[in-house]
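Subject: Structure handover

Hi there,

Here is the structure I promised to pass on to you. Please have a look at it first, and then read my notes below.

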Amino acid sequence: MNDYASSETLRWIPLVPLIAGLGQALMLFVFRRSISSALVTATSCGAALLSFVLTCVAFWELVGSASGAPAIIDRVNTWVGVGLGGTSFTADLAFVLDALSAVACLVVTTVMLAGNVYAAGYMSGDPHDDGGHQRFFCYLNLFLFSMLVLVLADNLLLFFVGWEGAAVCSYLMIGFWFGDPANAEAANRAFVIDRIGDFGLLVGLMLLFWSLAAVGEASVAFRDIEAHLDRIAQASVPTPSWLGGGIWPLTGVIGACFFLAACARCAQGPMVAWLPEAMVAPTPASSLIHATLGVTAGVYLLCRLSFLYASTPEIGALIAWTGGATALLAALVAGVQTDIKKLLAYVTASQVGTMFVAVGCGAYAAAIFYLTTHAFFAALLFMGAGAVVLAMDYEQDIRKMGGLRSKLIRVHLVVAVAVATAAGFPFLSGFLSRNEILLSTLHAEALPGYAVLYAGGLVTAGLLAFALSRLLLMIFYGQGRHPARIRSGMQDPGNWIILPLYVLATLAIFGGLLGLPQFWGDMLPGGVDDSNSLGNFVGRAVAGGAPSQFETSTEGWSVAALLACSLSGFLVALQLYVRRPELPPRLLQRFGGIHELLGASFHIGRAYDPLVRLVLGFSDRVLFRFVERRVIDGWIVSLPAKGVLGFVAHALKYGQSGMAQTYLFTMLAGTFVLLGYLLF
Amino acid sequence: MIPVEHVIALSAALFTIGAITALMRRHLIAILMAIQLMLGAVCLAFVGFNRMWAASVESGALLDGQIFALMVIAAAAAQVAVALGIGTEFVRKRGSANVDDAASMRW
């Protein structure tokens, strides 16, 4: 920590959106005054812009620092400080900008800036009349604040604050149009499922603290954990008999706990259920909170603790396999979805699964590269889909669209770019980053079953290409299946919506150059050294360092395999939905059962019903009806109040006779009593 | 001359009569007169004590009690002005001077 450069400006990066969000919240909820929507938009976009500018400045400071400091730290104040001397523990309100958080911060602020402008355009025509414009941007700003705190946090406690803030904002956004009880229900479910991850996060945090305190280094700051990890690496945890009764290594247990947290947040494994349900949120919220930034908080956590996972390869295997399985199954399910946003939700879950595979194989820099490119094209996908939905008068079923290419020219352009990038069109950012991950999988010999994982990755790429191509073709090509009145009124959306999409499309196309693997860098005219600037930069802050170079022949074969899979996916979609559109109904008749199973994503969501019922039932029956109504309102508030009222008031009221002579008598009597006391 | 005890006894008697009258009469003017009687009894006590203490001062010139009695009279005059104003309004509103009727601030 001694070689970190210190700064006073980092704290403003999360503080600016906090001020904007709190200001809007105060005006709305405390003072009950609505600000004009122009002012709301200006404040919100201004805050996002300012955060972005400050991040760039801080990034420039970090990169260009003469002392070569690995990070910049802004220690605002001591936040939690307990104990004395040897057993003291402090957690500071401090923000750290090292290579990993710098990249994540830039991604967050860039996408949020584009998202803010997009949301300004999208929400302006909102037909719901619950006056939600100000509320929406308030939530959006608070979400940006939470994400920035999460990304810049110096210790696990501050990270947790940001994590929870993001969860709360996510919940608020899902239930944004709360007039429809189904939305509130979905928000509740998403929140409950996310709490499962919080359990893991807290248990991991406590285990870390407990074990570090036992060796005398009580701290939860990331750099302290990294520095002292070797001292707790030998410890083990005896498990109770109902868990098997064996002895598990401590670092493994901690790693598993944080993996649970990341899984729940990123909708991996069985917890994928909350992401499609969360799609009832307004599209700008879905694109920012659920698709790009909120879910990548989990990946960020895993990469932040990369030193932990580097020492526990068995947990790495768990992460890789969960991610790989989710990626494959989610891509499969995405191929049969008919609702645009649910389809994209499953695509997102699949992409994050790929990131998990990278983390599990130890290629943290590759995971961050994929996170960056994914943020751009996933945001683009969602926002483009939102533009289509807007043009279709809030219709989200792709079976009712078709042939929109001629009407929505600009939207078609950006969605085509997004789909191409995500599906792995050669040399766009999606292709380059996915290839990196596949190569790491192929070379992770220590991982059990890595070859199967690699094959699964190829199949996933093909399935995703199919799903995304299907989306593109069903919306923009083929016969129009929508009512005539919608078609006649359809037009390209306005500038507020399209311009951020152009920016994101540019980033999606050229973003791959940030982390161009050396393989391609050598092929460029002139040969570029260290072309993988992103990988080399991030490698400073994560275990495993910069991404390793692979032999040219392996790279070549891998590229060819990936291209083949993506292309085949695209061709199948082309065949089914454009060339011979009579095929899908026939296939549906023959494989109806499988189709229905996939469409409902194996009914995973049903598995959470008992848990949600339990949590909400407990909340209602115990916390609300008993504690709130009986205990607090009844015993603590009403009983003393009625008691005081009953005794004092009803007893003393008899003194108020209303007649002046009574009062005069009381005065004289009192005076004489006093005189008697004083004289005798 | 007149022993001071007699003066004080008279003052006490007058004050007691005034107090009891103020508490027991129902007519507004009677109560006001009783209050004036109490004030007068207090004045008498002041003057009586002044006479007593003046005897122990060398030059025999002590006027404190008598000056204060003057101030009591001034205060009484002001009080009567206000009281009669309130009383006039009181009687005009109700048509009678019975103070037992003015119990609306009762519980």
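Let me begin with one strand pair: A:Ala71 stands opposite A:Asp98, a residue of β3(A). Before going further, please keep in mind that this is a predicted model.

**The sheet**

A:Ala71 belongs to a longer pairing, since strand β2 (residues 71-82) of chain A is joined to β3(A) by 10 bridges, and the two strands run antiparallel. Another position in this ladder is A:Arg75, whose bridge partner in β3(A) is A:Ala94.

On the other pairing, β1(A) and β2(A) run parallel and are joined by two bridges. Here A:Ser6 is the residue that stands opposite A:Ile73 in β2(A).

Put together, these strands make an open sheet of three strands in chain A, with the order β1-β2-β3 and mixed pairing. The edges are formed by β1 (5-6) and β3 of chain A, each of which pairs on one side only.

Is strand β3 of chain A enclosed by the rest of the structure or not, and how many of its residues are buried? Eight of the 10 residues of β3 (residues 89-98) are buried, so this strand is largely enclosed by the rest of the structure. If you look at the side chains there, remember that in a regular strand they alternate between the two faces of the sheet.

**Salt bridges**

Over all chains, the structure holds 13 salt bridges. I picked out a few that involve helix α6 of chain A.

In one of them, the side chains of A:Arg195 and A:Glu164 meet at 3.4 Å, N to O. This pair links distant parts of the chain, with A:Arg195 in helix α6 and A:Glu164 in helix α5 (residues 156-174) of chain A, 31 residues apart. A:Glu164 has a relative accessibility of 19% and counts as buried, because the cut-off for that class is under 20%.

A:Arg195 also meets the side chain of A:Asp194 in a salt bridge, at 3.9 Å, N to O. A:Asp194 is buried as well, with a relative accessible area of 4%. These bridges belong to one network, in which salt bridges that share partners join A:Glu164, A:Asp194, A:Arg195, A:Asp198 and A:Arg265.

What surrounds A:Asp194, a residue of helix α6 (residues 181-214) of chain A? Leaving aside its neighbours within four places in sequence, A:Asp194 is in contact with A:Ala167, A:Ala264 and A:Arg265. A:Arg265 is thus a contact of A:Asp194 and a member of the network too.

Another salt bridge brings together the side chains of A:Arg189 and A:Asp609, at 2.4 Å, N to O. A:Arg189 lies in helix α6 and A:Asp609 in helix α25 (residues 609-652) of chain A, so the pair ties together parts that are 420 residues apart in sequence. Both partners are buried: A:Arg189 has a relative accessible area of 7%, and A:Asp609 has one of 16%.

**A loop residue**

You may also want to look at A:Pro483, which lies in the loop between α17 (450-476) and α18 (484-489) of chain A. Is this residue buried, exposed or partly exposed? A:Pro483 counts as partly exposed, because its relative accessibility is 39%. Its C-alpha atom is separated by 9.7 Å from the C-alpha atom of A:Met392, a residue 91 places away along the chain.

**Where the two chains meet**

Finally, the interface. Chain A and chain B bury about 1,000 Å² between them, and 66% of that is on carbon and sulfur atoms. On the side of chain A, the residues that lose the most area to chain B are A:Met659, A:Gln661 and A:Leu668, which together account for 43% of what that side buries.

The contact takes 11 residues from chain A and 14 residues from chain B. How many salt bridges and polar contacts cross this interface? The rule finds zero salt bridges between chain A and chain B, while two residue pairs are in polar contact, both at pLDDT 80 or more. By residue type, the side of chain A that touches chain B divides into six nonpolar, four polar and one charged.

That is what I have for now. Happy browsing!

Best wishes

Note on methods: Residues are numbered from 1 along each chain as its sequence is written. Chains are lettered from A and ligands numbered from 1 in the order in which they are written. This is a predicted model: local features need pLDDT of at least 70, side-chain atom pairs count only at pLDDT 80 or more; totals for chains, interfaces and linings use all residues. Side-chain values use heavy atoms; hydrogens and water are left out. Contact means heavy atoms within 4.5 Å. Buried area is the accessible area (1.4 Å probe) that two parts lose on being put together, summed over both. A salt bridge is a side-chain nitrogen of Lys or Arg within 4 Å of a carboxyl oxygen of Asp or Glu. A polar contact is a pair of N or O atoms within 3.5 Å; within protein, one must be able to donate a hydrogen and the other to accept it, and residues adjacent in sequence count only if both atoms are side-chain atoms. Ala, Val, Leu, Ile, Met, Phe, Trp, Tyr, Cys and Pro count as nonpolar, Asp, Glu, Lys and Arg as charged, and the others, Gly among them, as polar. Buried means under 20% relative accessible area, exposed over 50%, partly exposed in between (1.4 Å probe, protein chains only). Helices (H or I, at least four residues) and strands (E, at least two) are DSSP runs, numbered from the N terminus. Two strands pair if DSSP finds at least two bridges between them.
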